[in-house]
Amino acid sequence: MSAEVHGGRAKCLQRLIRLEMPVPQTVALSFHAVRRIAAGTPPDVTEILRHFGPTPLLSVRPSSQDPDWGGPGAILNVGICDTLHATLCDEIGERAATSLYLRFIQAYATHVARLDDDLFEVPEDPTHETLAVALRTYEEEAEEPFPQEVERQLGDILGSMARAWEGTSARLLRKAKGAPEGAGLGLVVQQLALGVGQGACGSGVIQFVNPATGERQVTGRYLSQSQGREALEDPAGAVYLTRDPRGPSLQDEYPQVFAELLEMGERARTRLREEMQIEFTLDGGRLSVLDAVRVHRASRAKVRIAVELAQDGIISREDAVMRVDPAALSELLHRQVALDAERDRIANGIAASPGAASGRIVFTANDAQASAARGEDCVLVRRETSPEDIRGMHAAAAVLTVRGGVTSHAAVIGRGLGLPCVVGASDLLIDRKAKRLTAPDGRVFREGDVITVDGTTGDVLAGQPAMLEASLDGAFRTLLQWADAVRDIGVRANADTPADAQTARNFEAEGIGLCRTEHMFFEGERLSVMREMIFADKGEDRAAVLERLLPMQRADFADLFSIMGGYPVCIRLFDPPLHEFLPSDKAGIRELANVLDRPLSEVTARIEALEEYNPMLGMRGVRLGVTVPEIYEMQARAIFEAAILSKMSGARVVPEIMIPLVSAMREVELVKNRIDAVAVNVHNETGADLEYRLGVMVETPRAALRAGDIAQHSAFLSFGTNDLTQMTYGLSRDDAGRFMSAYVQQKVYAEDPFHTLDLDGVGELLSMGAERARASEPGIVLSICGEHGGSRSAIEFSRQHGLDYVSCSPFRVPIARLSAAQLALAERESNRSLA
């Protein structure tokens with residue numbers, strides 16, 4: 001018997017029997033048998049019932065390959081009828097017997113006869129009269145008497161459950177949960193162990209770990225159902241599993257049974273190599289095990305359970321690494337809305353950066369900073385964010401935007417900061433002047449109202465629900481150490497500030513794969529200097545202004561080098577168009593005119609002159625480096641001087657300088673010549689030897705196609721998949737969210753290409769670029785540094801094409817480390833099976 005043929009429950013029961021646990025008589029129907037039943041072939045109930053004696057009382061339970069795929073619910077008390085009810089009244093008491101009969105009538109009427117559930121509610125005090133009413137109601141509604149033959153009952157139930165699994169709605173639901181198209185259902189028919197009657201009788205569930213934390217402890221429930229203390233519906237009849245001041249416990253009243261359950265739990269853990277939850281009954285002191293399933297566990301518990309099983313020698317370290325879904329780590333890195341918290345949903349958008357946070361609504365970056373200064377958590381709400389909002393994002397507890405997609409400015413910065421972020425919540429209306437937010441249902445939220453942003457689900461919630469705190473415990477770090485021992489591709493972090501770099505090191509990133517230096521220019525004095533530089537008329541004037549930025553940049557880079565402690569730091573030179581540093585509103589333009597001491601008309605004219613129809617494809621990246629070379633020269637000098645300072649403190653620093661938005665080899669030659677000249681000047685001034693590596697960010701299709709030429713002047717190429725996807729598709733990553741869901745639903749695209757790397761189109765450019773670069777320069781270092789870098793598919797692609805490392809947001813580094821290890825182990829296992 002296997003889970004692929006009979007389902008997980010059937011396979012588990014077989015294992016429990018082999019472990020000599022007292023499992024009631026059981027018959028399992030295979031996927032094939034259930035499909036035949038669904039297609040109209042009647043089940044052979046005579047053969048099934050042959051195993052259960054003359055007057056059986058049965059349960060029928062689903063047995064799919066994966067319990068998370070759903071399926072029909074279990075139906076209990078199959079076989080009960082008027083005659084058996086009378087017998088049970090004598091054996092277990094009228095109230096208990098009548099309750100069993102009523103519950104079966106309700107289940108049969110609802111799931112088999114498809115009658116209204118409300119017509120068959122089971123009263124708190126079941127009597128012969130309520131039973132008679134239920135039977136009469138069934139006969140009136142179904143236009144036939146309630147079936148009394150167990151053959152009829154069982155046959156109808158098997159047919160109903162089989163058809164329910166094969167129905168269209170069930171198929172769509174399974175598909176949404178990741179089940180394959182042809183997923184099958186098995187059915188388990190089992191002798192019902194009532195746990196009701198004379199002596200020690202009852203039923204319960206016991207588990208041996210805390211499902212929230214994974215800590216070893218006995219939890220569960222037990223309900224005593226002895227005759228004379230009938231407790232089917234009576235909480236006073238409860239008996240706690242372990243010693244409890246609230247009342248008697250199973251451990252005290254039936255110590256031998258409790259000890260037997262503990263031994264079974266340990267036996268299951270050791271032999272089944274898993275933490276199991278055991279469903280059991282007591283019937284006159286005799287213990288029966290009805291089922292055992294994997295303990296449903298939170299992400300924190302998944303990690304701890306896997307690690308402790310390995311530490312106890314029950315599974316291997318490699319098995320522990322394979323057992324944890326990398327996505328589960330994300331929940332440990334961030335606060336989350338508690339699973340049992342009430343969710344008052346305002347709207348739903350794109351889950352752009354995981355985690356959840358609550359705060360008062362603010363609509364500007366300045367208000368966010370003011371709120372932080374007062375010690376109040378806030379949520380920054382914007383139509384879309386721009387680089388000017390970075391200071392406000394740093395101050396906010398979460399960010400919410402109406403526009404944007406998974407690679408929008410808000411999403412990228414949010415992930416880098418570990419800041420919960422929901423973007424593309426297009427059903428929300430923002431009135432910035434009135435400072436209010438209107439929800440789709442008409443509710444109005446004003447500045448100062450408290451909302452919650454759940455960046456894990458994409459929900460925007462009213463109020464402040466209960467939260468589950470982040471937890472990076474020893475098990476988390478141990479698992480990742482085991483992962484690092486087997487992975488075969490490097491993992492770096494995208495980090496723009498010293499704080500980002502520290503986060504990256506805390507998550508054990510192997511260096512910085514992308515430092516976006518422009519994010520250093522949007523704060524206070526730096527922004528003013530940048531604006532002054534933009535308005536300078538001559539190159540020497542620009543250079544003079546940039547001299548004031550030089551010490552700031554030098555200090556930034558020195559901090560990065562110090563924090564990374566000798567790990568490589570790849571610094572991307574200035575990339576965005578200059579207009580992003582200039583105000584767009586009238587008040588801001590007037591303020592800038594006052595700061596620069598220039599006429600308002602002149603400032604307005606200069607801003608208009610810098611405007612472009614499509615700035616993301618205009619004067620930015622290397623194009624600025626070629627036409628306004630003073631910026632790159634200042635940055636190169638800051639990098640070299642910071643490296644010298646770091647070397648003086650004993651650290652070995654080899655900075656990597658990356659040129660953005662390249663499309664032609666000549667661009668690289670021009671920038672390289674200028675940077676080399678700066679290096680010579682710094683060497684002549686300081687006498688220090690300089691070691692550095694110059695490379696290119698491949699983010700235009702032409703750069704990928706001409707990678708062989710570009711590689712001749714580069715020590716490394718790093719594929720920037722955000723812009724490369726945008727340019728390959730001709731899509732705006734900030735605007736695509738408006739229609740992307742419709743495209744995915746109608747299968748224009750299999751997935752949002754900004755969320756999941758397009759392995760066919762963009763992937764072909766990547767593979768061609770990598771192949772041509774290596775053919776030209778065999779020793780060149782290749783990597784991915786876009787937002788896709790932390791995804792499993794991108795890591796798998798990178799391994800297949802021989803890339804050296806991936807770089808992703810700091811908070812995705814642990815996920816990438818685990819994913820890379822799992823891919824290496826899966827490949828190792830595949831090669832072993834082929835050998």
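## A walk through the model, starting at a cysteine

Select Cys 808 to begin: its sulfur lies 11 Å from the closest cysteine sulfur, that of Cys 785, which is too far for a bond. A disulfide here means a pair of cysteine sulfur atoms within 2.5 Å.

Before going on, note that this is a predicted model, where local features need pLDDT of at least 70, side-chain atom pairs count only at pLDDT 80 or more, and totals for chains, interfaces and linings use all residues. Residues are numbered from 1 along each chain as its sequence is written, and side-chain values use heavy atoms, with hydrogens and water left out.

**Stop 1: the cysteines**

Stay on Cys 808, which counts as buried at 1% relative accessibility. (Buried means under 20% relative accessible area, exposed over 50%, and partly exposed in between, with a 1.4 Å probe and protein chains only.) Now pick Cys 785, which is buried too, with a relative accessible area of 1%. What is the closest cysteine sulfur to that of Cys 785? Cys 570 has it, at 7.0 Å, again too far for a bond. Search the whole structure and you get 0 disulfides.

**Stop 2: strand S24**

Cys 570 takes you to strand S24, residues 569–572. (Helices, H or I with at least four residues, and strands, E with at least two, are DSSP runs numbered from the N terminus.) Show the side chains: Val 569 and Ile 571 point to one side, Cys 570 and Arg 572 to the other, and all are buried, so both faces of the strand are covered.

Next, add the neighbours. Two strands pair if DSSP finds at least two bridges between them. Strand S23 (residues 512–516) pairs with S24 in the parallel sense over 3 bridges, and Ile 512 has Val 569 in S24 as its bridge partner. Strand S25 (residues 656–659) also runs parallel to S24, joined by 3 bridges; there, Arg 572 is partnered by Met 658.

**Stop 3: the S1-S4-S2-S3 sheet**

Move towards the N terminus and select the four strands of an open, antiparallel sheet in the order S1-S4-S2-S3. S1 (26–29) and S3 (75–78) stand at the edges with a single partner strand each, so one side of each has no neighbour in the sheet. From one strand to the next, the twist averages 20°. (Axes are lines fitted to C-alpha atoms, for helices over the stretch in contact, and angles run from 0 to 180 degrees between N-to-C directions.)

Zoom in on S1 and S4 (residues 185–191), an antiparallel pair joined by 4 bridges; Ala 28 has Val 188 in S4 as its bridge partner. Then turn on helix H3 (residues 31–38), which lies across S1, S2 (58–64) and S4 at about 100° to S4. (Contact means heavy atoms within 4.5 Å.)

**Stop 4: the aromatic cluster**

Select Tyr 101, Phe 104, Tyr 108, Tyr 138 and Phe 146, which ring pairs link into a cluster. Rings of Phe, Tyr and Trp (its six-membered ring) pair if their centres lie within 6.5 Å; planes under 30 degrees apart count as stacked, over 60 as edge-to-face and the rest as tilted. By this rule there are 12 aromatic pairs. Take Tyr 108 and Tyr 138: their ring centres are 6.2 Å apart and the planes stand at 55°, so the pair is tilted. Tyr 108 belongs to helix H6 (residues 94–111) and Tyr 138 to helix H7 (residues 128–142), so the pair ties together parts 30 residues apart in sequence. Buried or exposed? Tyr 108 is buried at 1% relative accessibility, and Tyr 138 is buried with a relative accessible area of 1%.

**Stop 5: two arginines over rings**

A charge sits over a ring if NZ of Lys or CZ of Arg is within 6 Å of the ring centre and within 35 degrees of the ring normal. Look at Arg 174, over the face of Trp 165 at 3.8 Å from the ring centre. Then jump to Arg 492, which lies over the face of Tyr 805 at 3.9 Å from the ring centre.

**Stop 6: the S6-S5-S7-S8 sheet**

Here 4 strands form another open sheet with antiparallel pairing, ordered S6-S5-S7-S8. Its edges are S6 (216–224) and S8 (286–294), each with a single partner strand, so one side of each is left without a neighbour in the sheet. Between S5 (residues 202–209) and S6 you'll find 7 bridges, with Ile 206 opposite Gly 220 in S6. Finish with helix H11 (residues 255–272), which lies across S5, S6, S7 (276–283) and S8 at about 150° to S7.

**Zoom out**

The whole chain holds 33 helices and 29 strands, and its C-alpha trace spans about 105 × 65 × 55 Å along the principal axes. Of its 835 residues, 54% are buried.
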